[in-house]
Amino acid sequence: MTAGGPGRPAAPDERRAELAANLAEVRGRIAAACAAAGRDPAEVALIAVTKTFPASDVRLLAGLGLTDVGENRDQEARPKAAECADLSLTWHFVGSLQTNKARAVASYADVVHSVDRSRLVAALSGAAARAGRTLRCLVQVSLDEAEHRGGAAPAQVPALADEIAAAPGLELGGLMAVAPLGADPAPAFERLAALSADLRRNHPDARSVSAGMSGDLEQAIACGATHLRIGTALLGGRRAIVR
Ligand SMILES: *Cc1c(COP(=O)(O)O)cnc(C)c1O
């Protein structure tokens with residue numbers, strides 16, 4: 001479908017033009033959604049989720065002015081971040097994270113969006129402290145507990161947030177969620193916004209709301225998202241991934 005997709009490598013110039021066009025379209029969608037919501041586009045960060053795409057795409061996106069990159073698997077993210085170390089990008093880890101990968105992720109990630117349990121807080125804290133780094137952490141909230149797509153139950157959010165805020169090497173950034181599959185995303189994003197307002201009563205600086213993907217960024221912006229995680233709309237279709 002797209003010339004630079006995983007199946008068929010494109011010439012760099014062709015791929016660059018394709019990414020530039022996709023980026024312009026996404027920026028246009030963000031501007032329109034912000035205008036409709038009465039928000040300033042400057043308060044909505046765009047994270048390019050580059051999973052399954054090569055480091056060469058990250059480099060092209062950086063050349064087009066993107067500063068934030070998201071990945072969901074350590075095995076893939078670690079070498080890509082190393083290959084792009086000269087670009088001074090901000091790396092976001094957005095996938096479910098095993099405790100035994102915490103140390104590796106803490107070595108290159110700047111933000112972890114998928115913190116959903118105490119053991120992971122402890123592992124990330126130990127790893128960040130040992131590495132002499134500060135890791136910004138978002139609590140991933142499950143907005144559809146039946147689906148098992150990761151995330152803490154809403155009732156667990158305050159305690160996890162307190163743990164992150166108190167943990168050496170970690171900084172509490174806010175909340176993240178993935179909208180339930182196949183449902184209208186708006187109610188889920190409204191729920192997330194309400195949880196974010198609750199969180200900010202005790203943690204006024206934890207303002208990040210990571211919500212919105214290629215298919216639902218407009219609804220996420222309408223509900224106050226501060227970070228969009230966009231893969232397909234920027235990079236093109238991915239091959240089916242077996243998890
Ligand atoms: C892959 C992924 C995205 C990007 O999804 P698209 O629909 O391709 O924009 C966002 N968030 C997470 C957690 C992901 O794993």
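# Chat about a predicted model

Trainee: What do the buried residues of α2 pack against?

Mentor: They pack against α1 (12–37), β1, β2 (68–71), α3 (74–83), β3 (90–93) and α9 (232–235). Contact here means heavy atoms within 4.5 Å. The helices (H or I, at least four residues) and strands (E, at least two) are DSSP runs, numbered from the N terminus.

Trainee: Anything I should know before I go on?

Mentor: This is a predicted model, in which local features need pLDDT of at least 70 and side-chain atom pairs count only at pLDDT 80 or more, while totals for chains, interfaces and linings use all residues. Residues are numbered from 1 along each chain as its sequence is written, and side-chain values use heavy atoms, with hydrogens and water left out.

Trainee: Back to α2, then. Which of its residues are buried?

Mentor: The buried ones are A55, D57, V58, L60 and L61. Buried means under 20% relative accessible area, exposed means over 50%, and partly exposed is in between (1.4 Å probe, protein chains only).

Trainee: There's a D in that list. What does the side chain of D57 join up with?

Mentor: The side chains of D57 and R15 are joined by a polar contact of 2.7 Å. A polar contact is a pair of N or O atoms within 3.5 Å; within protein, one must be able to donate a hydrogen and the other to accept it, and residues adjacent in sequence count only if both atoms are side-chain atoms. D57 has a relative accessible area of 3%, so it counts as buried.

Trainee: And what follows α2?

Mentor: G65 does, and its phi is positive, near 100 degrees.

Trainee: New topic: the ligand. Which residues surround it?

Mentor: Around the ligand you'll find V49, K51, V94, M176, M213, S214, R229, I230, G231, T232 and R238. To be near it, a residue must have a heavy atom within 4 Å. By class, that shell has 5 nonpolar, 3 polar and 3 charged residues. For those classes, Ala, Val, Leu, Ile, Met, Phe, Trp, Tyr, Cys and Pro count as nonpolar, Asp, Glu, Lys and Arg as charged, and the others, Gly among them, as polar.

Trainee: Which ligand atom is 2.9 Å from the side chain of R229?

Mentor: A nitrogen atom of the ligand, and the partner is an N or O atom in that R229 side chain. An oxygen atom of the ligand is 2.8 Å from a polar backbone atom of G231. For T232, an N or O atom in the side chain is 2.6 Å from a ligand oxygen.

Trainee: How much of the ligand's accessible area does the protein cover?

Mentor: It covers 89% of the 390 Å² that the ligand has on its own. Those areas come from the Shrake-Rupley method with a 1.4 Å probe; for residues, only the protein chains shown count as cover.

Trainee: K51 was in that shell. What does UniProt say about K51?

Mentor: An unreviewed UniProt entry carries the annotation "modified residue: N6-(pyridoxal phosphate)lysine" at K51. UniProt positions are given in the numbering used here, feature names are shortened, and annotations may be inferred rather than shown by experiment.

Trainee: Where is K51, and is it buried or exposed?

Mentor: K51 sits in the loop between β1 (45–49) and α2 (55–63). With a relative accessible area of 12%, K51 is buried. Not counting residues up to four places away in sequence, K51 touches G70, E71, N72, E76, K80 and R238.

Trainee: What's in that loop besides K51?

Mentor: T52 lies in the loop between β1 and α2 too. T52 has a positive phi of about 75 degrees although it is not a glycine. Because its relative accessibility is 27%, T52 counts as partly exposed.

Trainee: K51 touches E71, you said. Which side chains make polar contacts with the side chain of E71?

Mentor: One is T50, at 2.6 Å. Another is K80, at 2.7 Å. E71 belongs to strand β2 and is buried, with a relative accessible area of 1%.

Trainee: Last one: where is S88?

Mentor: S88 is in the loop between α3 and β3. Its phi is positive, about 40 degrees, although S88 is not a glycine. At 67% relative accessibility, S88 counts as exposed.
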